[in-house]
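Hi,

Here is the structure I promised to pass on. Have a look at it first, and my notes follow below.

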Amino acid sequence: MILKRIAQLAGARTLFNGSFSALARPPPNYEGHIPLNPPERAILAIGNLIATLGETTATPYFIYRLRDVMLSSPTGRRILRDRPRITSKTLDMDQLRKLPDGTVGREYAAWLDKEGVSPDTRSQVRYIDDPECAYVMQRYRECHDFYHALTGLPVIVEGEIALKAFEFANTLIPMTGLSMFAAVRLKRGEQKRILTTYFPWAVRNGLLSKEVINIYWEEELETSVEALRERIGLEKPPDLRKIRKEERARKKAEIAARETLGPS
């Protein structure tokens, strides 16, 4: 009885009475939906599964806030009405590769090719109960590679942390903020760069630019990336690949110089 009372106080009474257990769940609200009770949601959040963590920590407040951001925008409302999906079936990748350099579609396709990924790598949302909010999370996931193309940040740990910091400031999805703590894994020079250059850029641009969730990417494929950044008020970050390349060249030159001088 004591254990049951503790579980009830934690909002988990349904695990004992069976009204919302794994054996007696309410019907799903959309295809692929898995309803969760509070203890199950907490357990999945504790488990270090990135996609699941994003869903469980975004509910209930943050994903509704992001949905309301879309509802406040004419373009966002159209996206919610149309519910487009970003997949290899909905995008003609061969056609995107033929677009002029500097266009959103060309840069997006080039980005996917360069990093060896496809539009189909994003997990299906399963643990958000509201169908419209579930779509908002799915849309956010599927647009992630467009954010890379828009900012030019590479798919390396340092670039992903910088982009997640921008996404957190722009969307307030908790998982993106938690991802920023991965900076502790970086080398000392990388940590200094992320703290002094990319985090300030991310916070400033995430807060001041328009919400990227309201970009109807399918309608912007022939738009120049530069024009789109200007329209939403986004400053392009310093070229991280170039900075890293220059840093490696500098270190290599220093080593060569020391070897030339020989032991003192």
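Accessible areas here come from the Shrake-Rupley method with a 1.4 Å probe, and for residues only the protein chains shown count as cover. On that basis the chain exposes about 14,600 Å², with carbon and sulfur atoms supplying 58% of it.

Please keep in mind that this is a predicted model: local features need pLDDT of at least 70, side-chain atom pairs count only at pLDDT 80 or more, and totals for chains, interfaces and linings use all residues. Residues are numbered from 1 along each chain as its sequence is written, and side-chain values use heavy atoms, with hydrogens and water left out.

The chain has 15 helices and zero strands (DSSP runs numbered from the N terminus: H or I of at least four residues for helices, E of at least two for strands). Of its 264 residues, 43% count as buried, meaning under 20% relative accessible area with a 1.4 Å probe and protein chains only.

One pair of helices to look at is helix 5 (residues 61–71) and helix 9 (residues 131–142), which pack at about 85 degrees with axes 9 Å apart. Helix 5 is therefore roughly perpendicular to helix 9 (65 to 115 degrees, between N-to-C directions on a scale from 0 to 180, with axes fitted to C-alpha atoms over the stretch in contact). Among the residues that meet there are Leu66 and Met70 from helix 5 and Val136 from helix 9.

Leu66 also turns up beside Thr171, which is in helix 11 (residues 157–171). Leaving aside neighbours within four places in sequence, Thr171 is in contact (heavy atoms within 4.5 Å) with Arg65, Leu66 and Thr176. Thr171 counts as buried because its relative accessibility is 1%.

Best wishes

Technical notes: Angles under 35 degrees count as roughly parallel, over 145 as roughly antiparallel, 65 to 115 as roughly perpendicular and the rest as oblique. Buried means under 20% relative accessible area, exposed over 50%, partly exposed in between (1.4 Å probe, protein chains only).
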